[in-house]
Each structure stands twice: as C-alpha cells, then as structure tokens.
Protein chains: 2
Amino acid sequence: MTTIRRMTVRAGPLKSLIWIGRGVIAEAASRLESPSGRFFLIAPSGAAAAAARVREALSGRLLGEFALDDREEAKTLATVERVADAALGEGIRRDDAVLAVGGGVTSDVAGFAAAILLRGVTWNAIPTTTAAMADAAVGGKTGVDHARGKNLLGAFHPPAVILVDTATLDTLPDREHRSGLVEAFKAAWIADAKLAAQAERRLDAVLARKERAVAALLSGALRIKARIVGSDPRDAGARRLLNFGHTLGHAFEAAGGYTHLRHGEAVAWGIAGALELSTARAGLSAQEAERIRSVLGRLGPFPPPDRSPEVLRPFLRRDKKATSAGLPGILLEGIGRGRIEAGIGEDEWLEAAARARIG
Amino acid sequence: MTTIRRMTVRAGPLKSLIWIGRGVIAEAASRLESPSGRFFLIAPSGAAAAAARVREALSGRLLGEFALDDREEAKTLATVERVADAALGEGIRRDDAVLAVGGGVTSDVAGFAAAILLRGVTWNAIPTTTAAMADAAVGGKTGVDHARGKNLLGAFHPPAVILVDTATLDTLPDREHRSGLVEAFKAAWIADAKLAAQAERRLDAVLARKERAVAALLSGALRIKARIVGSDPRDAGARRLLNFGHTLGHAFEAAGGYTHLRHGEAVAWGIAGALELSTARAGLSAQEAERIRSVLGRLGPFPPPDRSPEVLRPFLRRDKKATSAGLPGILLEGIGRGRIEAGIGEDEWLEAAARARIG
C-alpha cells in the first residue's frame, strides 16, 4: 500500500471525507461510514472487479446489492425507483448506508436514491473512473436526467465518505482515462496554476497512469473542488467556476446525442471554445491559451463535435442558465485564474465554438 | 378580514413562516415566497374553490398548473414524476416556486416534487383541510408511498411559507373536519395541558367551525409542532412525540386498506390504545384518560377498526421503528406530558388495541 491521503469537504452543514490511495478499497470496512455497519451495494457490471474487492473487504456487512445499468440513457427517475425497490426489498433501514461503486452515472443515481430512501440515508462513493474521481460525488450534487434536459431532477446529498483507489484505474479503457483527465485539468486551470504546471510536466506519467503522478493530479483537483464547493454549497455563485468548458461542452454533447463524444471530450472542446472568449474578453495571453490547447491535444485526440451554428443554437438556448442577456460563461484571465462572466451573447458563443482548436 | 397570526418554524438551518387567519389567501401575492415572483400551482380537484381564490390573488404570476390526483393510492413516485414533467414542460427555473393548495397528500407530493426539481426549488403550502392545517408541511417531511410501506421515499424540504386560511374549511365535509381535529388535539395532549383544556371547553364551537375557536386550536397545535420540530429537525428524537397514537393508528389504517378509516380516525383509535398503555406504564390517571376518551367520542363517532391480533400483528412487525425488543411508543404521563417509551412488546400493543375504547 502506498501513502493514503485524507481530505475533508464541507458543503454547508454537511461533510464528506475523502481517502485517496492505491489499494484503499481493502480498508473499506474501517473507512466507509454506516451507522448500522451495513451497506447496500450499487454497482454496474463495468465495475465488477472493484465491486468484487469491495465485497471481500466488507464481507458479511452487505445487506443487498443492485446491478445498475449505468448508461446515460438509463440515468432516469425510473432507475432510481428500481434501486429503491431493491433496497427496500432487502429491508434497508435509516441507519443503513448505500455504497456506490462505479463511474459518474453510478454516483449520481445511487446518491440520489440514498437522498430519497426513507427521506435520506448515509451514502459512500467509490469512484472507478478518472472522471468520477476528479469530479463526481464531491459536493453532493446527485440526480438524474429528464426528457427536457440533463440532471433536472436530483438532490444535494453529499456522500459521507469517498474512497479514491487509483488501482481501479488499471483496467480502465484508455479513452475513459484520457477524457476523465480533462475534468482534473479543468480544476487546475480555473484555480491552481502550480498544479496545472506540475501536471503538465508530468503528463506522460499521468497518461501512463503512474501512481504518484495520477494521485497528485487527482488530489489537487479534489482539493480545488472541495474549496470551491465549501464556499458555495448550494451552487449559487463561486461553484459555477467548475463549469469552465461546460456551456459549449454540454451543447456539443447534446448535439452528438450523448453518444458521439464522452463528457470529458465535449468539455475539452468546450474549454477550447472558452479559450477564444478568454483571450478576447478576459486578457488571457495567447501563450497561456496555447499551453492549454497543447495539453488538450496530448490528452486527445478527441473526435471533433458538430460546430455548425444551426445545430448548436437550440442547445445553447435550452441551457438552464440562459437569460435574455445571453449565457454566463467561465473565462480565464490566466492559468489558475477563472472568473464568471455574465451575459455573453449567443452569437459570440457560436463564433467561439467555430474557432475552437485543440492541439 | 380577522386577525392574521404569524408564526416561525425553524428546522435546522431552514425556516418556514406560517400565516394564520380567515381570508389570508387574498394576500397570497405579498405573503408567499418566490425568488422570481412566479409560481407553479399544484392542486387537486377537491381544492378547486381555494385554488380559484389563489389564482385570482396571484393573477399573472402563475407559470403553470397541475391537477393532482390526491388519493392516497396515487401518492407515488410516478405521480411526482408527472408533476415534474409538467413543471419542466412549463419551463420552471431555479428561482421559481411551487405552490401546493390542498390536503396532506397534496403537500406531501408537491413538496417532494419541489425538493427534487432542479435539485430543489422554493415551495409554499396552502392547506385546505383541518388535518393538513394541524399537521402537514410543518417540519418539512415530504414524500410518497411505496409498495413496501407509507412515506418510504421522500425528502426533508420545508415550505418557505404556509398560509392557513380557515375560510377554506367552510366547505370541508364534516367527517374530514372531525378526523382532522384528532391531530390538533394530539398535539395538545402530548405537550400543552392548557391548550387541551381550552379546546375541550370550546369543542362545540370548534366542531361548528367558529373562526376564533378553530384558529386558536390550530395555532396552538402548530406552535407545539413548530417547537418540537425545531428541537429535532431530522426526526431523531423529540419529534417522535408527534407519533402519539400513530403506532397502532398506522396498523389500523393499513389493516383497513387505507379506505375504511381516515388517517385521523385511525389515529383516534391509536390514541385510545396508547391511553391503555399510558395508565398501565406511565402513570396517566384514569380520570385524565377518561377526559381524552370523551373528547375523542365527541369528535367521532369513528368507525371501529379491525382489532384482531392475527390481522394487526403483521402490520406492527412491518413498522419502520420495530426492533427485536419491540416497538417504541409515545405514552402520556398526564395531559400535556408525553414521553417516548422504548421496547413495548408486540403482545402488549395488541392487548392495548383490543382494550381501546372511545367515548
């Protein structure tokens, strides 16, 4: 076992504890939280290997299991109800806990189920993808999609404990790892120039999943997210910084029907678009923009999204944050210095999307 | 317009404001809370008259409406999803608010929908039944039933504002009014001897729905609930006092398939059962028990529940609070002095149920 790092995230009155380290799943019995000591395990088939290790570590303490369909199409209230049916069928009580083992969809769905089961039970997350380690669960946003848009139904319900075991990344497909790293770099670019520079230097090791390099980048990204979430638990202000690259990213993702691009890939292109706006409006230097594009290029190559204005426009309009003045955007003044910019016009977004370059 | 009383309920970091008075609906536009000023109205057909007055008071500020099926059988996650579909279809945003006009099922369902829409929007409640005025919404417990039991899925999400307009009771069926009063008296019996004595003296006026008598009893009951909820926002201790009469009450209600007895009627019989345990175990005097039975008799007559042990036993076992030591109960040491008693055996409950008398 390598070093285990510990981190605390506060979101309003609620607290999450994060443990990061290779092999930390073996300590699940002592690290995870359940008032009764019992857990209801929720995992997709893709996380079978990690789930097997969790089962071993929690031997005798599982009150039941649910095999989750973790495709984005299945991230619905109906799936949450199936999870709840299974948990109630196993007799889950208020002092039992939910345990989510998997990627972002798993923690979104399992966390939401935990939020509404018996009006809220404790839950724990063991992310098994790079994206979920860098982003999901921390901050307590849980939820499901609706025909009208992504994540429109949900709850703020932070997990009590998050175990980040980098060993689960060993078998992750390369495309998953690379697209997940976009979210980790995003955190560095908006708030931590030193972390960004360090991760940039060690990028080959990060891509090769060298323990120290990956753990350093993920802990750095989590530290940033924890700090931002702690200052804005209900997503009313500073937390929007975390949306860097997501305004265009969501539109690219939706335009591709959520199948053409991974979330992180769409965000990479969204960041490339935001760089255009940042140099024009926020004083980001051409040189720093180029550094970021170069990192994105090394993380990729990512499939190019459809960037035609007629395709993107309706998706930008549908954005939850759209007002008559336009859409707010997250821009960089420099690497490590993100800011929230209100009212960027639709056409300006579409032009930035058209100009976006990676590599 | 008569006097408008104002009351504040604190549940953890959250606060609800209650306005009580005949005709207060006319002031909905200035009393209700919505950050955007817009409301999504949820009301069943049974509350059509109150909804019409609300519509008039909020003229031009409704972003949409949903006609809720408020039968207990329809209190499901599927109904919450239909409410959410409608609200999202009307373009509800985070700064809009939900407004529930109706009885307890309406506030349970609408409040839960508000809890999960866009991860939580503001909501307001206008109860239109005696039971809902005395009990529902205050404290923020929202939720729906599940095949495995009542209220198994839900959220703590207190309404920002509750308007108690006693004028809406004018057209309430007598059986609804009488069964609803049981919850109001329950509050007095567990915590306020003076209120209990006063309401007992004015019982004829309360039954005849005289404004001053009804408003005094309801405000008293709400004050008690507000105090108890404020001391135990997450339902972990003192709040259980509010369950006086509910252990047997829930079993009676379930055994009757939720159609034979109104909730308040089942609770009345549950209180009668709890009186037997209270005289045996908690020192309640025979005279005070008789006073309570007499009030219940005047509130009734209530249809008698099936009290055979073979019918009730499985429902008691299914109680969320059951442990191997038995079921906790709320007993009275005297009128106005409730206490929580752990581990009352199943057989003792069944005997108390068999001995219960009203009148």
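**Exercise 1. In which loop of chain A is Pro301(A) found?**

Before we start: this is a predicted model, where local features need pLDDT of at least 70, side-chain atom pairs count only at pLDDT 80 or more, and totals for chains, interfaces and linings use all residues. Residues are numbered from 1 along each chain as its sequence is written, chains are lettered from A and ligands numbered from 1 in the order in which they are written, and side-chain values use heavy atoms, with hydrogens and water left out.

Step 1. Go to helix H12 (286-299) and helix H13 (309-317) of chain A; Pro301(A) sits in the loop between them. Helices here are DSSP runs of H or I with at least four residues, strands are runs of E with at least two, and both are numbered from the N terminus.

Step 2. Check the bond in front of the proline: Gly300(A) to Pro301(A) is a cis peptide bond, with omega near 10°.

Step 3. Now try chain B. Gly300(B) and Pro301(B) are joined by a cis peptide bond too, omega about 10°, and Pro301(B) lies in the loop between H12 and H13 of chain B.

**Exercise 2. Work out how chain A and chain B are related, then describe their contact.**

Step 1. Superpose the copies by least squares on the C-alpha atoms of residues with pLDDT of at least 70 in both. Chain A lands on chain B after a rotation of 180° with 0.0 Å of shift along the axis, at an RMSD of 0.0 Å. The copies are therefore related as by a two-fold rotation axis. Both use the same surface, since 100% of the contact residues of chain A recur in chain B.

Step 2. Count the residues in contact (heavy atoms within 4.5 Å): chain A gives 28 and chain B gives 28.

Step 3. Get the buried area, meaning the accessible area (1.4 Å probe) that two parts lose on being put together, summed over both. That comes to about 2700 Å², with 55% from carbon and sulfur atoms. Leu77(A), Ile116(A) and Arg119(A) supply 27% of what chain A buries against chain B, more than any other three residues.

Step 4. Look for salt bridges (a side-chain nitrogen of Lys or Arg within 4 Å of a carboxyl oxygen of Asp or Glu). You'll find 0 between the two chains.

**Exercise 3. Find out whether Leu118(A) and Arg119(B) are buried or exposed.**

Step 1. Place them. Leu118(A) is in the loop between helix H4 (104-116) and strand E6 (122-127) of chain A, and Arg119(B) is in the loop between H4 and E6 of chain B.

Step 2. Read phi. Leu118(A) has a positive phi of about 55° although it isn't a glycine; for Arg119(B), another non-glycine, phi is near 65°.

Step 3. Apply the cut-offs: buried is under 20% relative accessible area, exposed over 50%, partly exposed in between (1.4 Å probe, protein chains only). Leu118(A) is buried at 8%, and Arg119(B) is buried at 9%.

**Exercise 4. Describe how helix H10 (residues 246-255) of chain A is packed.**

Step 1. Count its covered positions: 8 of its 10 residues are buried. Among them are His246(A), Leu248(A), Phe252(A) and Glu253(A).

Step 2. List the neighbours. The buried residues of H10(A) pack against elements of chain A including helix H6 (174-191), helix H11 (263-281) and helix H14 (346-355).

Step 3. Follow the chain onward: just after H10(A), Gly257(A) has a positive phi of about 65°.
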